Amino acid sequence: MRIGLCVDERELSHGDLLEAVRDAAADGFGSFWLGQHASWDVLTSLAAIGAAVPGIRLGTAIVPTYPRHPLMLAGQALTVQAITGGRLDLGIGPSHRVIIEDQFGYSYDKPARHVREYLTALRPLLRGEAIDFRGATLRAAGQVEVPGAEAPSLLVSALGPTMLRIAGELADGTITVWAGPRALDEHIVPTIRAVAAQPRVVAMVSVSVVSDVDDARERFAAQLAIAGELPAYRAVLDRQGLAGPEDVAVIGDEAAVERALRRYAAAGATELIAAPFGTDEEQRRARRLMAALNGAA
């Protein structure tokens, strides 16, 4: 299994982030991922910490598309590529209506159409090509040239059938969240493979190695209740017949967690992004286990 590590950058200092990526590299994780919240700029952060820590791949999960024009995002991504020696996995997505409309003031009408047009412009820009694109939601004309930078792998946060087809057609694959092995096996993997020969299916999984499973589930449910109310996440949970994110989280002792993670691989995930949660000790146990599993057959 290829397992990467995702940390929540909120409330962490730059020194904390640097220590986190160093620890992830030392522990043997295949990649290190950050999200984009109302905190650190994810691409700037990855450029800074990636320059200081060689070897480990770096990923965004995910950069919202609406606030960043494709010309701007291409420049940022290629800058990270140049600084880090080509180690970036660029994960992007449309985010959610409550964020895009209520916080940024953009229309969230027809997000799948927006993502298709965005990728149509972004993909050639990442290859250094000149574009002149005029769509219903987006206009982009120009070229981005960053010496020594190759196009990063491009992943889309896709859960529904339309978005999965777009990810298969116009990107290198998808990043999923709150999608368990059943969703991968029955819906996500078949849908994206119908339009792409060898897509990456990167499954983000919340993991906690604990002794008291019920207590951990209750804590997780209280912390992540809002996720179950967002329409895109609610749809994938409903597709699996699940009440909330706590039903997808991987919680248990070492043996139970290993079995659960292997089910993701068996369902078609090409790699995992693990997001440890719980107490400091529970997260340490999870990290030790996943570091041992990373790269194992």
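The legends below describe close-up views of a predicted model.

**View 1. Helix α1 packs against helix α2 at an angle of about 55 degrees**. Helix α1 covers residues 14–27 and helix α2 covers residues 42–52, and where the two pack their axes lie 10 Å apart. An angle of this size makes α1 oblique to α2, and α1 passes α2 in a right-handed crossing. From α1, the residues His14, Leu17, Leu18, Val21 and Arg22 take part in the contact, and they meet Ser45, Ala48, Ile49 and Ala52 in α2. Sorted by class, the residues of this contact of α1 with α2 divide into 6 nonpolar, 2 polar and 1 charged.

**View 2. Leucine 18 in helix α1**. This view turns to a single residue of the contact between α1 and α2, leucine 18. Because its relative accessibility is 15%, leucine 18 counts as buried. Leaving aside residues up to four places away in sequence, leucine 18 touches Ile49, Ala52 and Val53. Although leucine 18 and valine 53 are 35 residues apart along the chain, their C-alpha atoms are separated by 8.1 Å.

**View 3. Helix α3 packs against helix α5 through a contact of 11 nonpolar residues**. Helix α3 and helix α5, the latter made of residues 111–126, pack at an angle of about 40 degrees, and their axes are 9 Å apart. The crossing in which α3 passes α5 is right-handed. On the α3 side the contact is made by Pro70, Leu71, Leu73, Ala74, Ala77 and Leu78, while α5 contributes Tyr118, Ala121, Leu122, Leu125 and Leu126. No polar and no charged residues belong to this contact of α3 with α5.

**View 4. Threonine 65 in the loop between β4 and α3**. With a relative accessibility of 1%, threonine 65 counts as buried. When residues up to four places away in sequence are not counted, threonine 65 touches Ile92, Gly93, Pro94, His114 and Tyr118; one of these, Tyr118, also belongs to the contact that α5 makes with α3. The C-alpha atoms of threonine 65 and glycine 91 are separated by 10.0 Å, and the two residues are 26 residues apart along the chain.

**View 5. Helix α7 bends by about 30 degrees at histidine 187**. Helix α7 runs over residues 181–193, and within four residues of the bend at histidine 187 there follows a proline, proline 190. The buried residues in α7 are Ala183, Leu184, His187, Ile188, Val189, Thr191 and Ile192, so that the residue at the bend is itself listed among them. These buried residues of α7 pack against the helices α6 (161–170), α9 (231–239) and α10 (254–266), and also against the strands β9 (173–177) and β10 (200–209).

**View 6. Helix α10 crosses helix α11 at roughly 50 degrees**. The axes of α10 and helix α11, the latter made of residues 280–293, come within 11 Å. This arrangement makes α10 oblique to α11, and the crossing in which α10 passes α11 is right-handed. Glu254, Val257, Glu258, Leu261 and Arg262 in α10 meet Arg285, Leu289, Met290 and Leu293 in α11. By class, the contact of α10 with α11 holds 5 nonpolar and 4 charged residues, and no polar ones.

**View 7. Backbone details in three loops, at glutamate 11, isoleucine 62 and serine 95**. Most residues other than glycine have a negative phi, and most peptide bonds are trans. Glutamate 11, in the loop between β1 (3–7) and α1, has a positive phi, near 75 degrees, and with a relative accessible area of 82% glutamate 11 is exposed. Serine 95, in the loop between β5 (88–93) and α4 (97–100), has a positive phi of about 65 degrees although this residue is not a glycine, and with a relative accessible area of 15% serine 95 is buried. The peptide bond from alanine 61 to isoleucine 62 is cis, with omega near 0 degrees, and isoleucine 62 has its place in the loop between β3 (57–60) and β4 (63–64).

Methods. Residues numbered from 1 in each chain as written. Predicted model: local features only at pLDDT ≥ 70, side-chain atom pairs only at ≥ 80, totals over all residues. Heavy atoms only, no water. Axes fitted to C-alpha atoms, helices over the stretch in contact; angles between N-to-C directions. Parallel < 35°, antiparallel > 145°, perpendicular 65-115°, else oblique. Left-handed = near helix turned anticlockwise from the far one by under 90°. Contact = heavy atoms within 4.5 Å. Nonpolar A, V, L, I, M, F, W, Y, C, P; charged D, E, K, R; others polar. Bend = angle between axes of the 7 residues up to and from the residue. Buried < 20%, exposed > 50% of the residue type's maximum accessible area, 1.4 Å probe, protein only.
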